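Student: I have a model open on my screen and I'd like to learn how to read it. Can you walk me through it?

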Amino acid sequence: MTSSISAWIWSERFWLPENVSWADMEHPPPGVEYPRVGHMLYALPLAAGVHLVRRLFERLVAKPCAHILQIQAGVPRQAQPNTVLEGLYQSKTCPDTRQLEGLSKQLDWDVRKIQRWFRIRRNQDRPSMQKKFCESMWRFTFYLGIFIYAIRHLWVSPWMWDTRQCWHNYPFQPLTSGQYNYYVAELAFYWSLMFSQFTDIKRKDFIIMLVHHMATIILITFSYANNMLRAGTLVMCLHDASDIFLEAAKLANYAKYQKLCDALFLVFSISFFVTRLVIYPFCTTMRFFCF
């Protein structure tokens with residue numbers, strides 16, 4: 001059963017042009033290397049390194065910047081210690097009416113008092129403005145750095161200016177060091193984001209972001225394994241471009257620079273529309289015309 005599922009996922013008829021098989025990719029010409037799935041395993045230990053760099057960056061760079069901008073961590077009001085309520089809170093942060101009435105009888109507390117306890121307890125788990133600033137500054141720095149690296153690599157690449165080159169002689173396109181470094185860096189970053197969700201404060205969008213990160217990891221891995229590196233580098237670069245302005249807008253918002261925040265969010269909206277709703281669909285549809 002496992003072999004049939006694997007054969008279905010890696011169907012040559014779906015992924016490759018006619019008269020081309022995966023076996024043809026296993027023996028590249030001398031001096032040429034094609035992508036292999038095993039290459040992506042290096043992203044896992046690198047993700048741990050990225051996570052460590054993030055922690056150091058937030059402590060040594062982002063936090064001092066937050067202090068300069070007078071963004072304080074703040075100390076939330078502490079909920080009154082109660083083992084019964086705390087036990088329920090760990091499984092359900094917003095109890096329903098029936099549970100509230102049961103707790104009211106059990107603890108001899110007024111329902112409103114219990115609701116107030118849960119509200120205060122939820123506020124304890126919310127990340128402070130300073131923590132949000134540090135996280136956004138890390139993502140802004142990464143997106144900006146990786147975008148500059150991608151542009152330097154793509155600027156001299158013919159498929160940057162003619163997307164038909166993305167599929168010229170596909171899949172027999174040699175792997176370059178720039179493509180490999182870009183893919184491994186992006187994959188390690190998203191692995192680190194997914195892992196950090198389980199160590200950071202759990203938020204409302206936990207499941208949504210977990211699915212997002214997992215989908216991104218799968219897409220990056222599949223595009224690498226199928227040697228769709230030329231199109232893949234373009235797509236990742238397009239996505240990173242608008243994310244830079246989104247994180248910059250968040251930083252301005254946390255620093256209380258509202259006009260700057262509004263301007264950056266406007267730039268983000270425009271860049272998001274242009275890169276993801278105009279350029280990106282054009283790049284992806286070119287594959288079908290080229291085949």
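Tutor: Let's go through confidence, domains, cores, aromatic rings and a few single residues.

Student: Before I trust anything, what is the mean pLDDT of the protein chain?

Tutor: Good place to start, since this is a predicted model. The protein chain averages a pLDDT of 84, with 94% of its residues at 70 or more.

Student: Which elements have the lowest and the highest mean pLDDT?

Tutor: Helix α1, residues 2–9, is lowest among the elements with a mean of 72, while α3 is highest at 93. Also keep an eye on residues 287–291, where pLDDT stays under 50. The model does give that stretch nine contacts beyond four places in sequence.

Student: Now the overall layout. How is the protein chain divided into domains?

Tutor: Domain 1 takes in 34–71 plus 127–289, and domain 2 covers 83–125. Their centres, taken over C-alpha atoms, are 40 Å apart. For another distance to try on screen, pick L60 and R116: they are 56 residues apart along the chain, and their C-alpha atoms are separated by 37 Å. L60 lies in helix α3, and it counts as exposed because its relative accessible area is 60%, over the 50% cut-off.

Student: What should I look for inside?

Tutor: The general idea is that in soluble globular proteins, nonpolar side chains tend to be buried together. Here the largest nonpolar core has 51 residues, and the members touching the most others are F133, Y183, L187, F189, Y190 and W191. Helices α3 (43–68), α7 (129–154), α9 (177–196), α10 (206–225) and α11 (229–254) each supply at least two residues.

Student: Which helix gives the most to this core?

Tutor: That's α9, with ten residues. Apart from this core lies another one, of twelve residues, including L103, W109, I114 and F118.

Student: Take Y183, then. Which residues is Y183 in contact with, leaving aside its neighbours within four places in sequence?

Tutor: Quite a list: M40, I220, S223, Y224, M228, L229, G232, T233 and M236. You can follow one of those contacts from the other end. S223 sits in helix α10 and, beyond its neighbours up to four places away, touches Y183, M228 and L229.

Student: Is S223 buried or exposed?

Tutor: Buried: its relative accessible area is 13%, and the cut-off for that label is under 20%.

Student: How do I describe two aromatic rings next to each other?

Tutor: A pair of aromatic rings is described by the distance of the centres and the angle of the planes. Searching the whole structure turns up 13 aromatic pairs. In one of them, F142 and F189 are stacked, with 3.8 Å from centre to centre and 5 degrees between the planes. This pair links distant parts of the chain, as F142 is in helix α7 and F189 in helix α9, 47 residues apart.

Student: How accessible are F142 and F189?

Tutor: Both are buried: F142 has a relative accessible area of 13%, and F189 has 0%. F189 also pairs edge-to-face with Y190, at 5.3 Å centre to centre and 80 degrees between the planes. Y190 is buried too, like F189. Add Y143, and you have one aromatic cluster made of F142, Y143, F189 and Y190.

Student: What about a charged-type residue, say E247? Is E247 buried or exposed?

Tutor: E247, found in helix α11, counts as buried because its relative accessibility is 4%. Its side chain makes a polar contact of 3.3 Å with the side chain of S136. Outside its neighbours up to four places away in sequence, E247 touches S136, R139, F140 and Y143.

Student: One last try: where does P35 lie?

Tutor: In the loop between α2 (12–15) and α3. P35 counts as buried, at 8% relative accessibility. Its contacts, not counting residues up to four places away in sequence, are L175, Y224, N227 and L229. For scale, P35 and T216 are 181 residues apart in sequence and 18 Å apart in space, C-alpha to C-alpha.

Terms used: Residues are numbered from 1 along each chain as its sequence is written. Side-chain values use heavy atoms; hydrogens and water are left out. Domain bounds come from an automatic or database domain assignment. A nonpolar core is a set of buried Ala, Val, Leu, Ile, Met, Phe, Trp, Tyr and Cys residues joined through side-chain atoms within 4.5 Å. Buried means under 20% relative accessible area, exposed over 50%, partly exposed in between (1.4 Å probe, protein chains only). Helices (H or I, at least four residues) and strands (E, at least two) are DSSP runs, numbered from the N terminus. Contact means heavy atoms within 4.5 Å. pLDDT is the predictor's confidence in each residue, from 0 to 100. A polar contact is a pair of N or O atoms within 3.5 Å; within protein, one must be able to donate a hydrogen and the other to accept it, and residues adjacent in sequence count only if both atoms are side-chain atoms. Rings of Phe, Tyr and Trp (its six-membered ring) pair if their centres lie within 6.5 Å; planes under 30 degrees apart count as stacked, over 60 as edge-to-face and the rest as tilted.
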